[in-house]
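Q: Please take a close look at a single part of this structure and describe it for a reader who is new to it. Give the cut-offs of each term when it comes up.

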Amino acid sequence: MNSGSASAVLRDASCSTSTVTTTTTVKRRPKLKGEGANGVKGKAGGDMGKVAMYNRASFMNWKVADVVFVATHHWIPCLFAMGLLFFMAVEYTLLMVPSSSPPFDLGFVVTRGLHSLLDSWPELNTLLAGLNTVFVGMQTTYILWTWLIEGRPRATISALFMFTCRGILGYSTQLPLPQDFLGSGADFPVGNVSFFLFFSGHVAGSVIASLDMRRMQRWELAWTFDALNVLQSVRLLVTRGHYTIDLAVGVGAGILFDFLAGKYEESKRKPATGIWNSATKENGST
């Protein structure tokens, strides 16, 4: 190799090195914490990017396809939205019930025929009351059984929470006894003693037992309790033993206090002694 060729090779190598060096030096450094989209460091720079994100309202980006998607894939919230608009109209156009009149209850209107039947047939009313009392006994027996025999106190704790809350609410707002109430000595509370109307302990207790049965995969028993609870609710409406709102809130109360009892158990998972010990942990409970 002569000197001219050597010089050319060195010249090419120098150019290649320069190119590589130039290429590697233009790599962008990682963005520092707090640095905005425009490279300005500090709070102001970071906020500029946020302003750019929210310069248009969300609904301005909606398209017809988006509306169709919501209506077809999220139809349940759409139904609730329609219900909201409907009952807003009802609330602002419906006349209030006068203080001199009894409360209006749609459940009483629907069951008016059955109420007349039991009113004219006291023996049937007593029979149904006795059967309902047996069902209440079944609820109580199951709830206590889960704790005393199976060592799972969640249903019992839930019932304690529920009946205490029911006592507080029932005493705080004492609803008037419906004028057409059909009592029976075979009903529970036995002997037609006074009771709190809000909310239904009959319904809530049945829901608590049913939820426990489902946790233990006792499906047939749970469905049986649910069916009996529906019949119990109808009877309570027919006899005017509860208002419709008492029954509806009773379902929600059973679910709520079962959930709270589960949270209470979770908070007590630490090793303990006495009757509330680690043996009370439920299989599959949440």
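A: A patch is made of residues with over 30% relative accessible area and no salt bridge; like charges are joined within 9 Å, and nonpolar side chains (Val, Leu, Ile, Met, Phe, Trp, Tyr) within 5 Å. Accessible areas come from the Shrake-Rupley method with a 1.4 Å probe, and for residues only the protein chains shown count as cover. The model is predicted: local features need pLDDT of at least 70 and side-chain atom pairs count only at pLDDT 80 or more, while totals for chains, interfaces and linings use all residues. Residues are numbered from 1 along each chain as its sequence is written, and side-chain values use heavy atoms, with hydrogens and water left out.

The part chosen here is a nonpolar patch on the surface, made up of Leu 160, Phe 161, Leu 256, Phe 259, Leu 260 and Tyr 264. Together these residues have about 540 Å² of accessible area. Helices α8 and α11 each supply at least two residues of the patch; helices are DSSP runs (H or I, at least four residues), numbered from the N terminus. The largest share, four residues, comes from α11. Tyr 264 lies in that helix, α11. Tyr 264 counts as partly exposed because its relative accessibility is 38%, where buried means under 20% relative accessible area, exposed over 50%, and partly exposed in between (1.4 Å probe, protein chains only).

The same two helices also take part in the interior. A nonpolar core is a set of buried Ala, Val, Leu, Ile, Met, Phe, Trp, Tyr and Cys residues joined through side-chain atoms within 4.5 Å. The largest such core has 15 residues, and those with the most contacts inside it are Ile 143, Met 162, Phe 199, Ala 209 and Met 213. At least two residues each are supplied by α7 (122-148), α8 (154-172), α9 (201-215), α10 (219-238) and α11 (244-267). Helix α9 gives the largest share of this core, four residues. Beyond its neighbours within four places in sequence, Phe 199 is in contact (heavy atoms within 4.5 Å) with residues including Met 162, Leu 169, Val 249, Ala 253 and Phe 257.

Charged side chains also join these helices. A salt bridge is a side-chain nitrogen of Lys or Arg within 4 Å of a carboxyl oxygen of Asp or Glu, and by this rule the count comes to nine. One of them joins Arg 215 and Asp 258, whose closest N and O atoms are 2.9 Å apart. Arg 215 lies in α9 and Asp 258 in α11, so this pair ties together parts that are 43 residues apart in sequence. Arg 215 counts as buried, since its relative accessibility is 18%; Asp 258 is buried as well, with a relative accessible area of 5%.

Another salt bridge is formed by the side chains of Arg 152 and Asp 212 (2.9 Å, N to O). Arg 152 sits in the loop between α7 and α8, and Asp 212 in α9, 60 residues apart. Both Arg 152 and Asp 212 are buried. These two pairs belong to a network of salt bridges that links Glu 150, Arg 152, Arg 154, Asp 212, Arg 215, Arg 218 and Asp 258.
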